[in-house]
Amino acid sequence: MRVKTMDENKKIIRVLVAMCSIFFAITAYLTYLQIFQGKKLMQNVYNRRNSEIEENTLRGSIFDRNGVVLAYSEKSGESYERIYPYEALYSHVIGYNSKIYGKSLIEAAYNGYLLGLDNYSQVFGMVDRESRGNDIYLTLDHKLQELGGNLLKDKKGAIVAIDPKTGEVLALVSKPDFNANSKWLEENWVSIAESEEALLLPRATQGLYPPGSVYKVIISAGAIEKGLDKKTYEDKGKVVIDGYEIKNAGEKALGNIGIKEALAASSNVVYSQIGVELGSNQLKRLADRIGMNRDIEFDIPVNKSIFPYDTMGKNDMAAVAIGQGEMLFTPFHMAMLTAGIANGGDVMKPVLVKSVMSPEEKKIKDFKSNVMYKIMEAKTADIIKDMMYEAVENGTGANAKIEGISVAGKTGTAENHLSEKNKGGEHAWFIGFAPVEDPKIAVAVIVEHGGSGGGVSAPIAKRIISEYLQSIEKH
């Protein structure tokens, strides 16, 4: 009889142990969901609780850095309607919020904040009736964004402006764009999605382009580090490297010049030779140092810039050095690198969302930057600043000159698949910053098939830089 009782006790203990194990496993799993997966589950398009929460929540508003309202919600019948007062201007930054087609960009990335949810409520759908979400303040300057949109007009391309010291994004313009208001969006979705103009592509952050001659500023860093800035080169207007002929624009012969003059005049002859002198390993190290083939942590998705070379012949080295070949950049990454040169070689982590504020105007979250990576030493950056200043003062970037303000810059005219068929079909680049002695804004501009970077993109950058510096001077 005693033995039987002991067996029963053992069975009871086993059952209790099994039940406790199951309990702790469930608790651990729910904790994992709550802490680590809440945001992902909330943003999942198959989460049916989303629509219920949205119906009962006044979604938070989105403002620019100065308090201009860029997106807000208002009651429409039994539900809320998202309003974008500037229609298309922020469609590639804030994105859209549609019951049918979901959310994109900031509307998607900050959905939890805009609905005022913590991780627990995101997982289990706990939300008060008629609640109000949090407001988001962006780093963008609405006046600058509006100017950028007007300057690009019907052109395809992008404008990115960044504060070099803080990493705050001041303007992020992509063209063409589309009206993000849900009624227009839903009525025209098929034509938008199927358009050959790639209306849904945020060109500033996800467009990939050959950099052309703007990449010469990066090659200059490698040249300076190797002491090639103390050397002179003979520029006869064209040069043959390993059987491949490389020409200057118009085959203009520049004579015996150093890299400062070569950058100002955008000499393909000199820089192609520098590329060969640097060699495959150094070119790859430069690409790695500036973040090629790496993800960029940002508030909205950014495509990786591409450096596809495993092995490089002399032709490849020459092509890379003048920004051609198979290398591709996003305008956003190029703006970051320009800001890094302006900031003494330190690239700051880019910031788009400045802060999140509760309905009671209490700061819930504040976003600040730190150094993301170093692309060159400060002394090298200083030399390149001087070279870029020369390129604006006496070189191809003359159309970016601003009276009373020192501007550093570099033009680029990048060949693409249409360049060979249509003269002037090259992409037009300009990168720059100002004032040179204390940079407050760095800019990258690209106009697809615009032709000359100096003729098309430099004047756009000039207006952006001038407008911003005037605005902060008033404040």
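This is a short selection-by-selection tour of the structure above.

The model is predicted, so local features need pLDDT of at least 70 and side-chain atom pairs count only at pLDDT 80 or more, while totals for chains, interfaces and linings use all residues. Residues are numbered from 1 along each chain as its sequence is written, and side-chain values use heavy atoms, with hydrogens and water left out.

**Stop 1: strand S21**

Select residues 441–447, which make up strand S21. Helices (H or I, at least four residues) and strands (E, at least two) are DSSP runs, numbered from the N terminus. Seven of the seven residues in S21 are buried, where buried means under 20% relative accessible area, exposed over 50% and partly exposed in between, using a 1.4 Å probe and protein chains only. Show the side chains: Ile441, Val443, Val445 and Val447 point one way, and Ala442, Ala444 and Ile446 the other.

Now add the neighbours. Strand S9 (residues 157–162) runs antiparallel to S21 and is joined to it by six bridges; two strands pair if DSSP finds at least two bridges between them. To find the register, pick isoleucine 162, which stands opposite alanine 442. Strand S20 (residues 427–434) is also antiparallel to S21, with seven bridges. Here, phenylalanine 430 has valine 445 as its bridge partner.

**Stop 2: the S20–S21 turn**

Follow S20 into S21 through the hairpin, whose connection is six residues. Proline 435 lies in this loop, and the peptide bond joining alanine 434 to proline 435 is cis, with omega about -20 degrees.

What does serine 406 touch, leaving out residues up to four places away in sequence? Select serine 406 and you'll find Tyr389, Phe433, Ala434, Pro435, Val436 and Glu437, where contact means heavy atoms within 4.5 Å. Serine 406 itself comes from the loop between helix H15 (378–394) and strand S19 (408–414). It counts as buried because its relative accessibility is 14%.

Measure out two distances from the serine 406 side chain. One goes to the backbone nitrogen of valine 436, at 3.0 Å. The other is a polar contact with the side chain of glutamate 437, at 2.6 Å. A polar contact is a pair of N or O atoms within 3.5 Å; within protein, one must be able to donate a hydrogen and the other to accept it, and residues adjacent in sequence count only if both atoms are side-chain atoms.

**Stop 3: the cores**

Jump to Leu172 and Ile274, the residues with the most contacts inside the largest nonpolar core, which has 98 residues. A separate core of 27 residues includes Leu170, Ala171, Ala400 and Ile441. A nonpolar core is a set of buried Ala, Val, Leu, Ile, Met, Phe, Trp, Tyr and Cys residues joined through side-chain atoms within 4.5 Å. Back at leucine 172, light up its contacts beyond four places in sequence: among them are Val93, Leu140, Ile159, Phe298 and Phe332.

**Stop 4: backbone oddities**

Next, select lysine 175 and proline 176: the peptide bond between them is cis, with omega near 0 degrees. Proline 176 is in the loop between strand S10 (169–175) and helix H7 (182–187).

Which phi does leucine 105 have, positive or negative? Leucine 105 has a positive phi of about 50 degrees, despite not being a glycine. It lies in helix H3 (residues 105–109) and counts as buried because its relative accessibility is 13%. Serine 266 is another non-glycine with a positive phi, about 55 degrees; look for serine 266 in the loop between helix H11 (259–265) and helix H12 (268–289).

**Stop 5: rings**

The structure holds 12 aromatic pairs. Rings of Phe, Tyr and Trp (its six-membered ring) pair if their centres lie within 6.5 Å; planes under 30 degrees apart count as stacked, over 60 as edge-to-face and the rest as tilted. Try tyrosine 96 and tryptophan 189: their centres are 5.8 Å apart and their planes at 80 degrees, so the pair is edge-to-face. These two are 93 residues apart in the chain, and both are buried. Ring pairs link Tyr96, Tyr101, Phe178 and Trp189 into a cluster.

Finish with two charges over rings. The charged end of lysine 75 sits 4.5 Å from the ring centre of tyrosine 80, and that of arginine 294 sits 5.2 Å from the ring centre of tyrosine 373. The criterion is NZ of Lys or CZ of Arg within 6 Å of the ring centre and within 35 degrees of the ring normal.
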